[in-house]
Amino acid sequence: MDTRSGATRVAPKAVPRAIFDIHNLTCFQPNGRCLAVYKPVGEVALLDTDSLEILSIFKAHDNQIRTMVFSADSRLLATGCLDGTISITDVTANGPSLVAKLRGHANWVVGLCFAPDGSLL
């Protein structure tokens, strides 16, 4: 649903069921061009929001992702995992590219947030 106009739209085609996991963890890019969808065992699918075509699928972790967030400029996607790691991926690169892997959390990473200016995670 478009929150400004209240209009709803139907996807031009069905999204393959294999894209979604029972957790249905999703996150929109702030620019609205892409939807990140958690796939089982640490993968993320990036979907075009207009066509719902899969733009790419990449491995962010070796375990389940529990949270994800885009930076305000829509360039970076941070994902938090059950193994206590955070991956930061540049999704604007030609093929998503890992920028950093943060380790050392004592427990699951279940929440992430970028500062509005993108300077901190």
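The following exercises, each with a worked solution, concern the sheet, the cysteines and one loop residue of a predicted model.

Residues are numbered from 1 along each chain as its sequence is written. In this predicted model local features need pLDDT of at least 70 and side-chain atom pairs count only at pLDDT 80 or more, while totals for chains, interfaces and linings use all residues, and side-chain values use heavy atoms, with hydrogens and water left out.

**Exercise 1.** Determine the strand order of the open sheet and which strands stand at its edges.

*Solution.* Begin with the definitions: strands are DSSP runs of E with at least two residues, numbered from the N terminus, and two of them pair if DSSP finds at least two bridges between them. The four strands then follow the order 1-2-3-4 with antiparallel pairing. Strand 1 (26-28) and strand 4 (54-59) each have a single partner strand, so one side of each is left without a neighbour in the sheet. Finally, strand 1 is joined to strand 2 (residues 34-39) by three bridges, and Phe28 has Leu35 as its bridge partner in strand 2.

**Exercise 2.** Explain why Cys27 forms no bond with Cys34.

*Solution.* A disulfide requires two cysteine sulfur atoms within 2.5 Å. The closest cysteine sulfur to that of Cys27 belongs to Cys34, and because it lies 9.3 Å away, it is too far for a bond. The structure accordingly holds zero disulfides.

**Exercise 3.** Place Thr49 in the fold and decide whether Thr49 is buried or exposed.

*Solution.* Thr49 sits in the loop between strand 3 (43-48) and strand 4. Its relative accessible area is 11%, so Thr49 is buried (buried means under 20%, exposed over 50%, partly exposed in between, with a 1.4 Å probe and protein chains only). The side chain of Thr49 reaches the backbone oxygen of Gly32 at 2.6 Å.

Conventions
Polar contact = N/O pair within 3.5 Å; in protein donor to acceptor, adjacent residues only side chain to side chain.
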